[in-house]
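Here's a quick round of "how do you know that" questions about a structure. Have it open while you read.

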Amino acid sequence: MSRTPTNLRISYLEANEVLPRPYQKVAVALLLVAAVVLPAGSSTFFVHLMNLCFLASIGALGLAILTGYCGQISLGHAAFLAIGGFTTVILSTSLHLPFAAVLAAAALIGAFIGLLVGLPSLRFRGVYLAISTLAMHYSIIFLATTYQAKFGPSATAGISIDDPSIGFLTLSDDRIWYYFLLLLLVVVTAGCINLVRTRPGRAWMAIRDRDIAAEALGVDLTRYKLLAFMVSATLASISGCLMAYYSNVVTVEKYTLDLAVTYVAMIVVGGMGSIMGALMGAIFITLLPFGIDALFDFLPRSWRFGSTLFGVQVGAVGLCIILFLLFEPKGLAEVWRRIEVYFDRWPFRYRPLERARR
Amino acid sequence: MEFAATVAILTCTYSLLAAGVVILYKAGRVVNFAHGELAIVGGYVFYTSSLMTDASSPWLAVLGAVIFSVVMGGSIYLGMMRRVIGEPFYVPILLTIGIAIVLKSAIIVIWRANHVTIDIGVAPALRLAGGATLSYMDIASVVLTIAFFVTLYLFLSRTRTGVQFRGTAENPLLASQRGVNVNFVLSLAWVIATFAATLSGVLYGGRAFLSTESVTIGLAGLTAALVGGLDSLRGAVVGGFVVALAQYLTVRLIDPVLSEALPFLILLVMMTIRPWGLFGTVEELDRV
Amino acid sequence: MSMNLLEVRQLEVVYHRVATAIQGVSLDVPEGSLVALIGTNGAGKTTTLRAISGFLPSEDAEITDGEIVYRKKRVNGRMPDYLARNGIILVPERDKVFATLSVRENLEFAARGKGPITEERVLSYFPRLSERSHQLAGYLSGGEKQMLAIGMALLCRPELLLIDELSLGLAPIAVKDLMERLHRINKELKLTILLVEQNAHAALAIADYAYVMEGGSIVFYGPAAELRSHPDIQEFYLGGAEQGAAKSYREIKQYRRKRRWWG
């Protein structure tokens, strides 16, 4: 086979291949091996960070599909996470259902809520849809707040949850969680990649680019838009459920609009229409506050006190959104692609046309 | 009478916010999700500049607010919104969301998120029938709001610049071909909208307080704009009144806690029965 | 021989840094004349107009060679509103009026102070517009939109009017009507016009001079009268003979030679 450039595929068969070039296969294999051996040589704190990244990634993948591939802008992701969290609370503390059942239930309920939240998308596009999802977010959070006020220890304190157990294994230690989450993430990512490279993915991208034309070509808008919402909500709900078990507490205060925006930031930073981008973005945004914290070590001690650190951490997410949208709209995935292309074309370099004298 | 006073001032606050949202939508098809934050930051700026002048004359504070509007509004447009003009619809939305977060963090970092109340000229109060008290500030607020709206209306409908505004909003390329400096028109839109937001923030700061929580008035403002119609200024006034009235009644008659959530309830209802608002044009729904 | 208001010399435009749209394009537009630029779809005519009026950056294109000289001054790469203020006014192919403004407001938009052409003058050329003064421009018919677009352009104090595809989407009778008005405008107001048209017949009927573009370059030029009677032009752009008497391609000897045996 001729040496095709990294980003260009010359046949349908090739286009459907997930990792067409040998070096990509090697890279992914190495990455998985590194991921498996990582906990052995790292501190518990680092493992905990990785767990947070994995949890965020699952949710980010959901949003990547909804907004990145299907083009339906949604500010309601925090609400879906809340659905997962509160389903966990209700089913595990009140009904004492086992972990597997709760996880499955969270997924199903998430799918159902996703269906409901997706209904406005059949009527609205663009900004109006974003506003509908905003309204949905507040509705769900309102319900959650009411629940917490009524059934929780108090309106503001969280409801605690025990560690889950699968068969003989109790997920209490961070390292055990690490492997569980890694496995789950790999499965979910593989699932998403497959969704995206087959019919649903193509339908979504058609809807994103020009939904009227897609409809004219026979893409069932209702079915695929709702499917996108359902997948997104399911993944977010699963993520929320796992987060609840991981942190052993659920409180409605966590599910703010800012959290939804954080997830949006993940896919903006990572790259909107890309699975790899979602993962990269999730890791970047999750680690960002910790990075800033580390950065503050170099600044005068006094800056740590008061709310400056917190303020900067908050602002950093917003700044990332702005900077990436202005200067790198296709995100980190695009940066990676450029690196790939550079090495692929080396030693030849693509020379832009000489500009005419002005 | 106190009912009328409170609702009136709340209406002014929300209408000004809604007007800002509508102006930005009319000018650039942009829904500004940072409007609440802009208002509160503007309020803080006003507060800080009033501190510098001994509170005896509010004029320096007003000047501070105007400078803030010009600088902030102008730089948001020239630095950010202008660069994303051709891009898909979600880019400006996400950009404004990013700006909202940065502004919120500015409140935390610069003003330490202190609860701040603006009070200038509270002392000489007017006692009205029914035991209500109105400060001069309250009266000035209402007067200013009315003046703002009247000026804006005249500007947009009677002057050539107003017609240029609307034309530029619809088709910046064509406007540029016909000699309009599109950058100037759109910057002006942002400056006016920021000024309206600042005014609203000052009003709110005078009646309630400014902090990171108060940015939720942005949602109320957005709801008011939607109720009235995203492309209708007269709708902004009506929408502001509707939201203000609903909130007041909810606090008094139903449940104060619910009043926080009320704007989004109204939002839900509007999106279901009449998404283009009371005075908006239906075609706008597809234009996005 | 009057002065050349506009001179384009060896213009080359590249889209997206990879696709050359036009190459070596040179044309002169003498003051007060009506010059037609004709050719088929994709020949590069619209690109040429965009280059002259400064609208290439919005299409991610740039001038990589050549010059555009207006009133003896080089205007490559100038901002569109600078060019507009100096008299180069473009009537684009699409989105040529403000649909959400009324007819009156559209005209008001364009007028900048009291120019040599007043609103009354414009309305005298297009009386239909005054009838529809308060109607939203979006609801006008195609022909009326064209009239409004030209009217707006006239109010911008044009010295060089660039018109892109005037006849697109219009009924033949409307085209004829519009062309006649344009001709009158050119002669009475002494307004220089560069008209890009696919409808060669209509364009050549009113032009003084014409250029033919194909595949990104100028392939033919001359006084319009000459082109009208030229056999090649007649065959490729005018349907073989006077409009209405088009021959079947089978009858044209040249095509017979090109019949392919392999499909």
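What follows is a set of questions and answers on chains, helices and strands.

Q: What makes a local feature count here, and how are things numbered?
A: This is a predicted model, so local features need pLDDT of at least 70 and side-chain atom pairs count only at pLDDT 80 or more, while totals for chains, interfaces and linings use all residues. Residues are numbered from 1 along each chain as its sequence is written, and chains are lettered from A and ligands numbered from 1 in the order in which they are written.

Q: How confident is the predictor in chain B, and which elements have the lowest and highest mean?
A: pLDDT is the predictor's confidence in each residue, from 0 to 100. Chain B averages 82, with 88% of its residues scoring at least 70. Among the elements of chain B, strand β1 (residues 125-127) has the lowest mean pLDDT, 56, and helix α9 (residues 217-228) has the highest, 90.

Q: What makes something a helix or a strand, and how many of each does chain B have?
A: Both are DSSP runs, numbered from the N terminus: helices are H or I with at least four residues, strands are E with at least two. Chain B has 12 helices and two strands, and along the sequence the pattern reads α-α-α-α-β-β-α-α-α-α-α-α-α-α.

Q: Why is Asp232(C) called exposed?
A: A residue is exposed if 12 or fewer other C-beta atoms lie within 10 Å of its own, buried at 20 or more, and partly exposed in between, with C-beta atoms placed from the backbone. Asp232(C) has 12 such neighbours within 10 Å, so it's exposed. You'll find Asp232(C) in helix α10 (residues 231-237) of chain C. Asp232(C) is 12 residues from Phe220(C) in sequence, and their C-alpha atoms are 9.9 Å apart.

Q: How much of chain B counts as buried?
A: Of the 288 residues of chain B, 55% count as buried.

Q: What makes two residues a contact, and how many residues of chain B are in contact with chain A?
A: The C-beta atoms, placed from the backbone, have to lie within 7 Å. By that rule, 33 residues of chain B are in contact with 33 residues of chain A. On the chain B side, α4 (90-111) and α11 (256-273) each supply at least two residues, and α4(B) gives the most, with 16.

Q: What classes of residue does chain B bring to chain A?
A: Ala, Val, Leu, Ile, Met, Phe, Trp, Tyr, Cys and Pro count as nonpolar, Asp, Glu, Lys and Arg as charged, and the others, Gly among them, as polar. The chain B side divides into 27 nonpolar, two polar and four charged residues.

Q: And what does chain B bring to chain C?
A: Here 15 residues of chain B are in contact with 20 residues of chain C. α6(B) gives the most to that side, with six residues. That side of chain B divides into four nonpolar, seven polar and four charged residues.

Q: Why are α10(A) and α13(A) called roughly parallel?
A: Axes are lines fitted to C-alpha atoms, for helices over the stretch in contact, and angles run from 0 to 180 degrees between N-to-C directions. Angles under 35 degrees count as roughly parallel, over 145 as roughly antiparallel, 65 to 115 as roughly perpendicular and the rest as oblique. Helix α10 (residues 257-270) and helix α13 (residues 331-345) of chain A cross at roughly 20°, with axes that come within 3 Å. They are therefore roughly parallel to each other. Their contact has four nonpolar, two polar and no charged residues.

Q: What makes α6(B) roughly perpendicular to α8(B)?
A: Helix α6 (residues 160-170) and helix α8 (residues 182-207) of chain B pack at about 100°, with axes 10 Å apart. That angle makes α6(B) roughly perpendicular to α8(B). Gln164(B), Phe165(B) and Thr168(B) in α6(B) meet Val182(B), Val185(B), Leu186(B) and Ala189(B) in α8(B).

Q: How do you know that β6(C) and β7(C) pair?
A: Two strands pair if DSSP finds at least two bridges between them. Strands β6 (residues 88-91) and β7 (residues 160-164) of chain C have four bridges, in the parallel sense. Leu90(C) stands opposite Leu162(C) in β7(C).

Q: What makes β2(C) and β5(C) edge strands?
A: Each pairs on one side only. They belong to an open, antiparallel sheet of four strands in chain C, ordered β2-β1-β4-β5.
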